[in-house]
Amino acid sequence: MHVLISGASVAGPVLAYWLHRNGHRVTVVERTPELRVGDGGQAVDLLGPAVEVIARMGLLPQAEAARTSTDTMTLIRPGRPDVTIDAAQLLAGISDRHIEIMRGDLARILFDATREDVTYTFGTTIERLQEHAGGVDATLSDGTTATFDLVVGADGLHSGVRRLVFGPEEGYSHFLGGYLAVFSVPDFIGLDERVLGYNTVDRAVALYPTRTPGRARVVILFRGPRSEHRDPAAQRQLLRTVCADLGWEVPRLLAHLDTADDFYLDSISQIRLPSWSRGRITLAGDAGYGPGPAVGGGSSLAIVGAYVLASELAAAGDDASVAFPAYERALADAVAASRTIGPSVLATLIPRSDLQVWTMAQAMRLLPRLPRFLQRKLTSFGGGPAAMLNGVDLRDPLVLRS
Ligand SMILES: Cc1cc2nc3c(=O)[nH]c(=O)nc-3n(C[C@H](O)[C@H](O)[C@H](O)COP(=O)(O)OP(=O)(O)OC[C@H]3O[C@@H](n4cnc5c(N)ncnc54)[C@H](O)[C@@H]3O)c2cc1C
């Protein structure tokens, strides 16, 4: 088969890798002019089954070499003493197999593993899709048209393929009540390997080091009513307004807002489609079942989802009418679980009251004194993102025709 994939970040290259291993020709189109690596982007979590998929791709050494190294996390509260804890204790319950890695580093590793075997076309999007008995005609933004056997949208939360096939995003994007802003600043604090968090009611600010010496990244989560903030100038203004009364180093961080070239603000929303396949076209990763940025283990779901899609195609002899429903069934429980995790993680990350800020600080103080099994239980978000993937059957790679 010749398969067209839109999106070269996480789900796209994982899928491309396994489709190629199964003898298919793969073309990946990516909107950005080059691989979006920057100085790493945001940190993402590879959990249990996602680590297993990376291992089956032979990429575990590269992923482990690129893992982030956070020593301590410090909670800063207005007018109260700071609370510092070993990062390992705070992350104890996340998963037995857990790799935190910058999304850009992960994308680079996946791209390098596939670039020889897969055709990547950067600066290109799919403009039109027309399915017929013999395949799908795709018109690309460079003006070319070609026929593909299958098309997969792995193009993220605001997927273009999804819009072409399932219509405007408003119909299935479910707002969780919060926003996420990320931008880089000079590391004027001297973070080394520390992560700092400043939590107040309805707003949570985190500051962590980036791979580039002397640079740090700010993540601000806040609650707010639904509204479409697409214009970057309006988004910056919104952030300034929301954070206007915050103390600590927040005013200094915001002073860099206008000059940050990687400023990002988006609503924390989930993609809830009852089915994410139609005919010979399907979706993978955030495009099909994004659980919400930063709250639901989206990168692990993207990796596992892409792998399951490739294995179901192999098991069905490349018949999409069998493979796509099987792919959706195989992921259904994990996707349903991811939809419940997002709201509870969001509720934990952004305090609703001073009492919740206080409780969080007490829990952090208590954690190091607890036995390991209790540490794990308390930091697992009720089984959370790692547990949601444990039920997914990662078929033996021998099912794949490699
Ligand atoms: C700030 C932030 C923090 C996060 N933190 C975490 C975390 O701690 N843990 C975690 O597991 N996950 C986290 N996530 C989510 C994680 O990044 C995603 O779930 C994961 O990257 C999904 O991978 P994907 O390949 O499906 O989509 P994406 O990584 O979004 O990639 C989509 C790709 O498609 C491209 N594209 C977009 N539109 C088009 C188009 N029309 N045509 C062609 N290409 C297109 C994009 O440029 C991009 O390269 C976070 C996300 C953000 C934004």
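**Exercise 1.** Which residues of α1 are buried?

*Solution.* The model is predicted, and the helix to examine, α1, runs over residues 11-21. Taking buried to mean under 20% relative accessible area, one finds that nine of the 11 residues of α1 are buried, and the helix is thus mostly covered. Listed by name, the buried residues of α1 are Ala 11, Gly 12, Pro 13, Val 14, Leu 15, Ala 16, Tyr 17, Trp 18 and Leu 19. Past the helix, one comes to Gly 23, which follows α1 and has a positive phi, near 90°.

**Exercise 2.** Describe the shell around the ligand by its number of residues, its residue classes and the elements that supply it.

*Solution.* Begin with the count: the ligand is surrounded by 33 residues, and the closest of these are Ser 9, Glu 30, Gln 42, Asp 286 and Ser 299. Next, sort the shell by class, which gives 13 nonpolar, 13 polar and seven charged residues. Finally, turn to the secondary structure, where strands β2 (25-30), β3 (43-47) and β12 (173-186), together with helix α10 (298-315), each contribute at least two residues to the shell.

**Exercise 3.** Work out which atoms of Ser 6, Val 10 and Glu 30 lie within the 3.5 Å cut-off for a polar contact with the ligand.

*Solution.* For Glu 30, a polar side-chain atom is 2.6 Å from an oxygen atom of the ligand. For Val 10, the backbone supplies the N or O atom, at 3.1 Å from a ligand oxygen. For Ser 6, an N or O atom of the side chain lies 3.4 Å from a nitrogen atom of the ligand. As a last step, consider the cover: on its own the ligand has 1000 Å² of accessible area, of which the protein covers 90%.

Note on methods: Residues numbered from 1 in each chain as written. Predicted model: local features only at pLDDT ≥ 70, side-chain atom pairs only at ≥ 80, totals over all residues. Heavy atoms only, no water. Near = heavy atom within 4 Å. Polar contact = N/O pair within 3.5 Å; in protein donor to acceptor, adjacent residues only side chain to side chain. Areas by Shrake-Rupley, 256 points an atom, 1.4 Å probe, with all protein chains shown as cover. Helix = DSSP H or I, 4+ residues; strand = E, 2+ residues; numbered from the N terminus. Nonpolar A, V, L, I, M, F, W, Y, C, P; charged D, E, K, R; others polar. Buried < 20%, exposed > 50% of the residue type's maximum accessible area, 1.4 Å probe, protein only.
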